[in-house]
Amino acid sequence: MSQALPRNIFEILVSALGDRSKAEVFAGGIETIVSEQGKSFKSEIKEELRNELITRELFLVHAQMVEDKFKMVDEKFKIVDWKINILIALVILFGTFLNPTFLSFLSRLMGI
């Protein structure tokens, strides 16, 4: 893909060199240099991006790792939730049976 010089720049070359054929040769050289520099720049950018960007496979591996960690945390929360439920049940149970008002009610109920 050759990059053509703009018409006004070509006309400046013609007036500076004084000959249209010399300006065409010079413009062709400039276009070749620009084209080669563009190709080199594109290949450098592609290589940098290839090194910096993550592949789909690597992304899926990392996504699976994150999902596994969330599952592990969810399991831990379930265990903590179960322990809290038991603790609440024990507090209610002992709070009820050790409550002096409840004990007096039970003693009156049983006739002790």
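**Group meeting: salt bridges, a small core and a surface patch**

A search of the whole structure turns up seven salt bridges. Keep in mind that this is a predicted model.

Let me start with the charged pairs in helix 1. R7 and E11 join their side chains in a salt bridge, at 3.4 Å from N to O. Both residues sit in helix 1, four residues apart, about one turn of the helix. Is R7 buried or exposed? R7 counts as exposed, because its relative accessibility is 56%. E11 is partly exposed, since its relative accessible area is 33%.

E11 has a second partner. Its side chain also meets that of R20 in a salt bridge, here at 3.9 Å, N to O. R20 is partly exposed, with a relative accessible area of 38%. Put these together, and R7, E11 and R20 are linked in a network of salt bridges. As a general point, side chains of opposite charge can pair when their charged atoms come close.

Next pair, in helix 3. K71 forms a salt bridge with E67, and the closest N and O atoms are 3.6 Å apart. What separates them along the helix? About one helical turn, because K71 and E67 are four residues apart in helix 3. K71 is partly exposed, at 49% relative accessibility. With 50% as the bound for exposed, that value keeps K71 in the partly exposed class. E67 is partly exposed too, with a relative accessible area of 39%.

Now the inside. Which residues make up the largest nonpolar core? There are five: F10, L13, V14, A23 and A27. Helix 1, residues 7-17, and helix 2, residues 20-52, each supply at least two of them. Helix 1 gives the most, with three residues.

Look at A23. Leaving out residues up to four places away in sequence, A23 touches F10, L13, V14 and L17.

Back to helix 1, and its two sides. F10, L13 and V14 are buried. Why do they fall on the same side of helix 1? Because they cover an arc of only 100° around the axis. On the other side of helix 1, N8, I12, S15 and A16 are exposed. And what do the buried residues of helix 1 pack against? Helix 2. In general, nonpolar side chains in soluble globular proteins tend to be buried together.

One backbone detail before moving on. G18 follows helix 1, and its phi is positive, near 80°.

Now to the surface. W82, I86, L90, L93, F94, F97 and L98 form a nonpolar patch there. Together they have about 720 Å² of accessible area. Take I86 as one of these residues. I86 lies in helix 3, residues 56-97. I86 counts as partly exposed, because its relative accessible area is 36%.

Last stop, F105. Where is it? In helix 4, residues 100-110. F105 counts as partly exposed, because its relative accessibility is 46%. How far apart are F105 and E31? They are 74 residues apart in sequence, and 103 Å apart in space, C-alpha to C-alpha.

To recap. R7, E11 and R20 share a salt-bridge network. The buried residues of helix 1 pack against helix 2. And a nonpolar patch that includes W82 and L98 lies on the surface.

Terms used:
Residues are numbered from 1 along each chain as its sequence is written. This is a predicted model: local features need pLDDT of at least 70, side-chain atom pairs count only at pLDDT 80 or more; totals for chains, interfaces and linings use all residues. Side-chain values use heavy atoms; hydrogens and water are left out. A nonpolar core is a set of buried Ala, Val, Leu, Ile, Met, Phe, Trp, Tyr and Cys residues joined through side-chain atoms within 4.5 Å. Buried means under 20% relative accessible area, exposed over 50%, partly exposed in between (1.4 Å probe, protein chains only). Helices (H or I, at least four residues) and strands (E, at least two) are DSSP runs, numbered from the N terminus. Contact means heavy atoms within 4.5 Å. The arc is that of the directions from the helix axis to the C-beta atoms. Patches are made of residues with over 30% relative accessible area and no salt bridge: like charges are joined within 9 Å, nonpolar side chains (Val, Leu, Ile, Met, Phe, Trp, Tyr) within 5 Å. Accessible areas come from the Shrake-Rupley method with a 1.4 Å probe; for residues, only the protein chains shown count as cover. A salt bridge is a side-chain nitrogen of Lys or Arg within 4 Å of a carboxyl oxygen of Asp or Glu.
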